[in-house]
Amino acid sequence: MAARKPAAKPNVSPDELRQYYRDMLLIRRFEEKAGQLYGMGLIGGFCHLYIGQEAVVVGLEAAAEEGDKRVTSYRDHGHMLACGMDPNGVMAELTGREGGYSKGKGGSMHMFSREKHFYGGHGIVGAQVPLGAGLAFADQYLDNKRVTFTYFGDGAANQGQVYETFNMASIWKLPVVFVIENNQYAMGTSQKRSTSTEDIYTRGAPFGIPGELVDGMDVLAVKAAGEKAVAHCREGKGPYILEIKTYRYRGHSMSDPAKYRTREEVQKMREERDAIQHVRDLLLQGKHATEDDLKAIDKEIKDIVNASAEFAKESPEPALDELWTDIYASEVPQGDAIDA
Ligand SMILES: Cc1ncc(C[n+]2csc(CCOP(=O)(O)OP(=O)(O)O)c2C)c(N)n1
Ligand SMILES: [Mg+2]
């Protein structure tokens with residue numbers, strides 16, 4: 001990834017900049033804590049951390065409005081925190097406890113919040129892409145000017161269902177932003193080995209969908225691109241593709257031996273391109289925050305994350321008879337299935 005361009009004057013207020021710093025830090029510290037709990041055996045099953053990619057969701061959430069929807073893959077904790085879901089509920093779901101978003105029955109990859117318009121959490125690579133178009137179809141039908149952010153990875157971008165979805169979304173002019181989170185690896189396979197073209201954002205062109213490449217380590221660049229994409233969708237012009245170039249610092253999941261890249265590569269990214277450090281520098285250089293202000297934010301975040309871990313340890317295991325609930329759609333109250 002190319003070195004960062006010299007920082008332009010931020011086009012956001014100091015308050016917004018501090019908020020992005022806080023939101024990205026919450027995701028990073030939350031994920032670090034989840035990694036620790038996993039190591040202690042308190043989290044079982046799959047667990048895919050989002051460390052390094054924080055600017056993507058925080059930048060796009062800054063471009064979203066109330067009522068907009070989001071759907072993503074299994075690497076989903078950051079998306080949930082960024083759209084305002086409760087860290088206690090997310091962490092307790094990771095530990096499989098009653099207080100979790102899916103009552104401890106879904107785990108890391110399967111959480112939902114109708115209140116925050118978060119539609120999962122999907123373990124099958126690429127499966128959320130047609131679902132995202134479906135959510136956008138519902139909004140178009142209701143004519144409510146809402147937009148759906150449909151996130152997927154560089155690996156998922158090679159799935160056939162993505163292109164079937166592009167075709168339909170374009171024909172129907174659906175209000176969906178396809179967000180390709182290009183962290184440059186699909187499990188242990190680098191984009192260079194697996195993907196025929198370097199520029200994934202151009203793949204909408206045959207379907208008439210505009211796309212652009214975005215620096216995913218710069219939250220302000222992500223926000224600006226997100227605003228453009230969202231405006232396009234809200235104006236009824238149909239879907240938009242954002243390929244957001246980012247990087248994950250940890251393994252694909254907690255069980256990744258990481259033999260496909262060097263420690264030096266990861267270290268270089270962390271040192272030269274880290275998105276949180278970038279905002280930290282902007283805040284300090286612009287005199288929008290002092291070291292003490294940032295320390296206070298760090299402490300606030302640490303307290304939230306520690307409290308979520310305590311909650312996730314203390315919440316009880318789900319009762320056995322919970323095995324038989326939340327299985328059939330008929331349990332959804334009538335009229336509550338679509339957020340009108
Ligand atoms: C249909 C399907 N094939 C394979 C897998 C196994 N698998 C899980 S994640 C993954 C790689 C996906 O990479 P990418 O889309 O780049 O997302 P990232 O993990 O980098 O966020 C694979 C092959 C799966 N879950 N579903
Ligand atoms: Mg990837």
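## Cysteines

The sulfur of Cys-233 lies 18 Å from the closest cysteine sulfur, that of Cys-83, which is too far for a bond. A disulfide is taken as a pair of cysteine sulfur atoms within 2.5 Å, and the structure holds 0 of them. Cys-47 is likewise in no disulfide, its nearest cysteine sulfur being that of Cys-83, 18 Å away.

Cys-47 is buried at 1% relative accessibility. Cys-233 is buried too, with a relative accessible area of 4%. Buried means under 20% relative accessible area, exposed over 50% and partly exposed in between (1.4 Å probe, protein chains only).

## Basis of the model

This is a predicted model, in which local features need pLDDT of at least 70 and side-chain atom pairs count only at pLDDT 80 or more, while totals for chains, interfaces and linings use all residues. Residues are numbered from 1 along each chain as its sequence is written, chains are lettered from A and ligands numbered from 1 in the order in which they are written, and side-chain values use heavy atoms, with hydrogens and water left out.

## Magnesium site

Asp-154 (OD), Asn-183 (OD1) and Tyr-185 (O) are the protein donors of the magnesium ion (ligand 2), at 2.1 Å from it. Their spacing along the chain is D-x28-N-x1-Y. Asp-154 sits in the loop between strand E2 (148–153) and helix H6 (160–171), and Tyr-185 in strand E4 (residues 185–186), so this pair ties together parts 31 residues apart in sequence. Asp-154 is buried, at 2% relative accessible area, and Tyr-185 is buried at 8%.

Donors are N, O and S atoms within 2.8 Å of the metal (3.2 Å for Na, K and Ca); water is not among the atoms, so sites may look incomplete. Helices (H or I, at least four residues) and strands (E, at least two) are DSSP runs, numbered from the N terminus.
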